[in-house]
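Hi everyone, thanks for coming. Let me put the structure up on the screen, and then we can walk through it together.

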Amino acid sequence: MALLEWSKDYDTHIRVIDTDHQNLFDAINTLHDAHLANKGRERIGSVIETLRHYVVEHFEREEHFLEQAGYPDFVAHCAAHRDFSQLTDSLVTLYQQNPDLVDISKVIDFLGHWLTEHILKTDMQYVPYMRGEKQGIPREQPDQAKEQNEAYLTFTVPRDKADVITSFVDTVIGGDHAAESFEKAFRAAQEQLNQSKLARARKLFGLE
Ligand SMILES: [Fe+2]
């Protein structure tokens with residue numbers, strides 16, 4: 001019997017989303033089967049990478065729909081996605097570094113629990129907005145990038161972080177000496193952050 005069984009409780013009745021969610025169920029079940037059948041590290045490693053790939057693709061798709069629908073809880077929903085994405089990224093890195101130190105049973109429990117809870121408690125909240133039963137907040141459409149070397153980014157940020165994010169962007173694109181050292185310091189801090197993300201994944205998925 002599969003570990004995760006699909007039931008109508010998980011149906012959002014939005015076909016693309018339900019198909020994505022079912023694919024994620026399948027990917028976790030595949031990992032479970034591969035683990036039970038004692039498939040080699042290579043097979044398990046590739047199942048984990050496929051799963052991460054599906055996660056990234058699905059979140060992108062879902063967030064695009066949420067933005068289109070003007071979903072009021074967009075920022076918090078994306079933050080939950082980001083947190084899970086970072087964990088799956090760290091999982092892939094940990095497994096590549098040393099598969100013997102990763103407890104696949106813990107991984108399966110965590111992924112299955114997170115996904116089912118997320119669908120039932122978090123995703124279900126956006127359904128009326130996506131189905132047009134509730135009115136979302138209209139959002140600005142991004143313009144085309146003027147030049148090929150320009151990327152036109154558009155994203156929603158928490159209101160109380162808007163100032164700091166704007167001045168960060170202004171500083172980085174300033175292109176002067178200050179911008180250079182600022183970017184360098186930021187990348188160093190980012191590296192530290194990556195290390196602490198890995199430490200978190202090690203705590204969650206590592207063998208005692
Ligand atoms: Fe979601």
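Let's start with a pair of helices. Helix α2 covers residues 41–68 and helix α3 covers residues 74–97; their axes come within 10 Å and cross at roughly 165 degrees. Please keep in mind that this is a predicted model.

How do α2 and α3 run relative to each other, parallel or antiparallel? Angles over 145 degrees count as roughly antiparallel, and the crossing here is roughly 165 degrees, so α2 and α3 are roughly antiparallel to each other. The crossing of α2 past α3 is left-handed.

Now, which residues make that contact? On the α2 side we have G45, I48, E49, R52, V55, V56, F59, E63, L66 and E67. Facing them from α3 are F74, H77, C78, H81, F84, S85, T88, D89, L91, V92 and Y95. If you sort the contact of α2 with α3 by class, you get 11 nonpolar, 5 polar and 5 charged residues.

Next, the nonpolar cores. The largest one has 21 residues, and the members touching the most others are I28, I48, L51 and L91. Two or more residues come from each of α1 (15–36), α2, α3, α4 (104–130) and α6 (177–205). You may recognise I48 and L91 from a moment ago, as both also take part in the contact between α2 and α3. As for L51, if we set aside its neighbours within four places in sequence, its contacts are A27, I28 and L31.

There is also a second, separate core, with 7 residues, including Y71, F74, Y126 and M130.

Let me stay with Y126, which sits in helix α4. Is Y126 buried or exposed? A residue counts as buried if 20 or more other C-beta atoms lie within 10 Å of its own; Y126 has 23, so it is buried. Beyond its neighbours within four places in sequence, Y126 is in contact with L66, Y71 and H77. Two of these, L66 and H77, are familiar from the contact between α2 and α3.

For contrast, look at S105, which is also placed in helix α4. The cut-off for exposed is 12 or fewer neighbours, and S105 has 12 C-beta neighbours inside 10 Å, so S105 counts as exposed. From S105 to N23 the C-alpha distance is 20 Å, with their positions 82 residues apart in sequence.

That's my tour; I'm happy to take questions.

Technical notes:
Residues numbered from 1 in each chain as written. Predicted model: local features only at pLDDT ≥ 70, side-chain atom pairs only at ≥ 80, totals over all residues. Axes fitted to C-alpha atoms, helices over the stretch in contact; angles between N-to-C directions. Helix = DSSP H or I, 4+ residues; strand = E, 2+ residues; numbered from the N terminus. Parallel < 35°, antiparallel > 145°, perpendicular 65-115°, else oblique. Left-handed = near helix turned anticlockwise from the far one by under 90°. Contact = placed C-beta atoms within 7 Å. Nonpolar A, V, L, I, M, F, W, Y, C, P; charged D, E, K, R; others polar. Core = buried A, V, L, I, M, F, W, Y, C linked by C-beta atoms within 7 Å.
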